[in-house]
Amino acid sequence: MHVREQVPLASLTTLGIGGPAAVLLELTDPADLPEIAAFAAAHGTHPLVLGGGSNVLAADSGCSAPVIKMATEGIRFQPDPDNGTVLMTVDAGHSLQDLVDTAIAEGLTGMETLTGIPGTVGATPVQNVGAYGQEVADTLVSVDAWDWEQGRAVSLSAEQCRLGHRTSIFKHSHRWLLLRVVFRMRPSTLSTPITYRQVADALDVPLGTRVPLAEAAAGVLAVRQGKGMVLMPGDLDNRNAGSVFLSPVITPRAAKRLRAQDAPVHDFSDGSTRVSASWLIKETGFALGQWLAEGVRLSTKQYTLVADQGATAAAFAAAAEAVMDAVYKTTSVRLTPEPDLFGDEPTYRRLTEQGLPRLLEPSANAPHG
Ligand SMILES: Cc1cc2nc3c(=O)[nH]c(=O)nc-3n(C[C@H](O)[C@H](O)[C@H](O)COP(=O)(O)OP(=O)(O)OC[C@H]3O[C@@H](n4cnc5c(N)ncnc54)[C@H](O)[C@@H]3O)c2cc1C
């Protein structure tokens with residue numbers, strides 16, 4: 001375990017925003033967990049957890065609770081002779097991109113369209129990470145976690161994780177530290193059927209086609225790169241937290257109407273039908289690259305917010321609010337922000353009310369039991 005003090009959260013998040021973490025504990029070996037738990041107990045708060053920092057808006061004032069940065073790595077394979085599948089047990093700090101690449105190289109299908117998503121494997125059940133027709137819920141078997149409330153290690157089945165569209169029991173909670181994630185993968189040289197028009201077009205195949213795993217990933221990557229949805233050092237839009245807003249649920253009638261307008265409307269495994277938030281932002285009249293607040297603008301490639309020189313969390317939150325208001329006025333659809341607020345800044349009240357929770361509530365933060 002490495003311990004550092006006064007570490008800028010800006011250096012640990014893809015938006016490059018955030019004041020200092022008072023204490024940063026880097027967990028490289030799960031055997032150090034009891035020591036971290038003892039440290040947290042002495043501190044009197046649940047620590048907060050960071051993986052790759054690609055789905056958080058960190059407070060300008062930083063974080064007074066200890067922050068654990070997950071840096072454990074490793075993948076273990078276990079064939080299941082009963083049904084021919086393969087279980088992959090992955091340490092939480094492992095890079096998601098490396099896991100996807102490894103699964104493809106091993107001839108295992110189930111996460112090839114998750115290529116290009118930054119961050120760690122431990123964060124993937126938190127919001128049931130998904131893209132282009134696959135999501136963690138398709139392959140998740142269980143997670144091993146540390147439960148700060150009970151003060152012990154627990155194992156939770158996929159069902160107990162209650163995965164939904166970009167959500168789970170872990171989202172908006174700091175009760176659990178996910179240590180390991182178990183996935184069940186199917187041996188196959190071919191991908192699951194391609195269900196996204198843009199990916200099918202990039203691959204020049206009809207919707208529903210199964211293609212070699214690496215080809216499916218290459219098609220997804222090409223689409224993502226075109227939208228600036230792959231982090232590339234040096235790129236103008238690299239200070240990015242992905243979509244920023246969830247795709248809102250729409251009624252079957254609205255879905256029919258929007259599909260006729262060629263809008264990106266998709267059906268999800270939780271039974272919901274959703275339209276892309278980026279499309280709504282575009283329809284509202286925003287322009288690519290448009291400035292929204294000091295240091296915050298839309299990406300030059302996609303209708304999502306990015307940070308630029310001088311960005312602060314307060315400005316990012318104000319920009320997100322302005323976009324939400326404008327989209328609501330024009331389309332009557334309320335957008336919900338996707339990233340978690342990280343740290344102890346009380347300046348985002350409105351966003352909090354609208355779905356972006358504060359992860360640190362000092363008064364409610366004492367360990368239970
Ligand atoms: C360019 C770009 C593209 C993206 N595209 C997608 C996409 O297509 N689909 C998608 O779903 N997401 C996407 N995202 C969002 C993000 O990459 C994912 O949500 C990713 O899983 C976050 O991983 P992370 O390690 O960076 O998590 P962090 O940002 O570090 O943390 C996110 C949340 O998870 C919690 N957390 C992290 N690790 C643990 C752990 N081990 N135990 C408990 N809690 C934990 C944190 O406390 C925080 O609340 C994108 C982001 C970017 C920047």
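## Met111, a buried loop residue

Met111 is buried, with a relative accessible area of 3%; buried here means under 20%, exposed over 50% and partly exposed in between, using a 1.4 Å probe and protein chains only. In this predicted model, local features need pLDDT of at least 70 and side-chain atom pairs count only at pLDDT 80 or more, while totals for chains, interfaces and linings use all residues. Residues are numbered from 1 along each chain as its sequence is written, and side-chain values use heavy atoms, with hydrogens and water left out.

Where does Met111 lie? You will find Met111 in the loop between β8 (108-109) and β9 (130-131); helices (H or I, at least four residues) and strands (E, at least two) are DSSP runs, numbered from the N terminus. Setting aside neighbours within four places in sequence, Met111 is in contact (heavy atoms within 4.5 Å) with Met88, Leu99, Val100, Ala103, Gln134, Thr139, Phe183 and Met185. One of these partners, Gln134, is 23 residues away from Met111 in sequence, with a C-alpha to C-alpha distance of 6.4 Å.

## Around the ligand

The ligand is surrounded by 33 residues, the closest being Val49, Gly51, Ser54, Thr120 and Asp340; a residue counts if one of its heavy atoms lies within 4 Å of the ligand. Three polar contacts are worth a look, each a pair of N or O atoms within 3.5 Å. A backbone N or O atom of Val49 sits 2.6 Å from a ligand oxygen atom. A ligand nitrogen atom is 2.8 Å from a polar backbone atom of Leu178, and a ligand nitrogen atom is 2.7 Å from a side-chain N or O atom of Arg224.

On its own the ligand has 970 Å² of accessible area, and the protein covers 95% of this, by the Shrake-Rupley method with a 1.4 Å probe. Two or more residues of the shell come from each of β3 (48-50), β9 and β13 (176-187), and β13 gives the largest share, 3 residues.

## A three-stranded sheet and its helix

Further along, 3 strands make an open antiparallel sheet in the order β16-β17-β18, where pairing requires at least two DSSP bridges between two strands. The edge strands, β16 (291-293) and β18 (305-307), each pair on one side only. Strand β17 (residues 296-298) is joined to β16 by 2 bridges, and Ala293 stands opposite Val296 in β17.

Helix α8 (residues 313-331) packs on this sheet, touching β16, β17 and β18, and its direction makes about 165 degrees with that of β18. Axes are lines fitted to C-alpha atoms, for helices over the stretch in contact, with angles from 0 to 180 degrees between N-to-C directions.

Key. Polar contact = N/O pair within 3.5 Å; in protein donor to acceptor, adjacent residues only side chain to side chain.
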